[in-house]
Amino acid sequence: MNPLFELQGFSVAYGAVEAVHSVDLRVDEGEIVTVIGPNGAGKTTLLCAAMGLLPSTGSLTLAGERIARPSVEAMVARGVALVPERRELFGEMPVEDNLLLGGFYRWRTGRRDQRERMEEVFAIFPRLKERRAQLASTLSGGERQMLAIGRALMARPKLLMLDEPSLGLAPLIVREVLHVVSSLRSHGVSVLLVEQNARAALQVADRGYVLETGAVALTGPAQALLHDRRIIDTYLGLGNKNAVAA
Ligand SMILES: Nc1ncnc2c1ncn2[C@@H]1O[C@H](COP(=O)(O)OP(=O)(O)O)[C@@H](O)[C@H]1O
Ligand SMILES: [Mg+2]
């Protein structure tokens, strides 16, 4: 397996407070990797810094190329897309226009294939096609999440980073959205999936990392983590506040 994306000794601080401590993490080509951990563990901070939205220290490598100063431009140009925790859709715009905005960088750099890309997204999310003319603000929670993912796919990313796509969705919808996420590998997209919903995330991922207070506490194949006593007790046990039925 070729590492597509790799962090080594990756740290992120807010002023004097370090929120992510020396994380080592890898996503291979075609892999779905999840980062699970409780609220406040540093998952969003990690993704935002990996996307170049926050300053970081340590090393970030993409397809073997060391990115000395990660910036959004550098990451987008190298095929990385982020679906942020707040979906940041344009509520007063139709589904179609939200998607077109996701293809803006391709358009600006001379690749005028947005119609084709949109048909690809509609093939993955047929529901969006039915609702192509509907305003984003009138979509259901699940449809909004699909639109946010679809918009990121318009850039034809090699690596898609998702920040808690299950947030606020009913269990059945979570399953539907994550099922689509797991199918993205057949479209040549690798996925870094950040989730508080540990069970749902581990069920679709190949490997997982457990982030606790900014550091990797445990890592391994997703199936092994699903059966790890510590993970079961802390994140998957019934009645646990971090456990969400999937
Ligand atoms: N803009 C910010 N300024 C200062 N501290 C922050 C900021 N955003 C998050 N933090 C802190 O960083 C830690 C990690 O937060 P976050 O990355 O949002 O965790 P998670 O996504 O795992 O819930 C928390 O202690 C949080 O309070
Ligand atoms: Mg978060």
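The following questions and answers go through the two ligand sites, a serine and one helix of a predicted model.

Biologist: How were the residues, chains and ligands numbered, and which pLDDT is needed for local features?
Modeller: Residues count from 1 along each chain as its sequence is written, while chains are lettered from A and ligands numbered from 1 in the order in which they are written. Side-chain values use heavy atoms, without hydrogens and water, and in this predicted model side-chain atom pairs count only at pLDDT 80 or more, totals for chains, interfaces and linings use all residues, and local features need pLDDT of at least 70.

Biologist: Which residues coordinate the magnesium ion?
Modeller: Donors are N, O and S atoms within 2.8 Å of the metal (3.2 Å for Na, K and Ca), and because water is not among the atoms, sites may look incomplete. At 2.0 to 2.2 Å from the ion, ligand 2, the donors are OG1 of T44 and OE of E85. This pair joins parts of the chain 41 residues apart, with T44 in helix 1 (residues 43-50) and E85 in the loop between strand 6 (80-83) and helix 3 (95-102), helices being DSSP runs of H or I with at least four residues and strands runs of E with at least two, numbered from the N terminus. The coordinating residues are therefore T44 and E85.

Biologist: Is T44 buried or partly exposed?
Modeller: Buried means under 20% relative accessible area, exposed over 50%, and partly exposed in between (1.4 Å probe, protein chains only). Because the relative accessible area of T44 is 28%, T44 is partly exposed.

Biologist: How much of ligand 1 does the protein bury?
Modeller: A polar contact is a pair of N or O atoms within 3.5 Å, and an oxygen atom of ligand 1 lies 2.5 Å from a polar side-chain atom of T45. Taken alone, ligand 1 exposes 560 Å² (Shrake-Rupley method, 1.4 Å probe), of which the protein buries 54%.

Biologist: Which backbone nitrogen lies 2.8 Å from the side chain of S11?
Modeller: S11 lies in strand 1 (residues 3-14) and, at 10% relative accessibility, counts as buried. The residues that S11 touches (heavy atoms within 4.5 Å), not counting those up to four places away in sequence, include E18, V20 and H21. The nitrogen 2.8 Å from a polar atom of its side chain belongs to S22.

Biologist: What span does helix 8 reach?
Modeller: Helix 8 (residues 171-183) has 13 residues, and the expected span is 1.5 Å times one less than the number of residues. That expectation is 18 Å, and from first C-alpha to last the helix comes close to it, reaching 18 Å.

How values were computed
A polar contact is a pair of N or O atoms within 3.5 Å; within protein, one must be able to donate a hydrogen and the other to accept it, and residues adjacent in sequence count only if both atoms are side-chain atoms.
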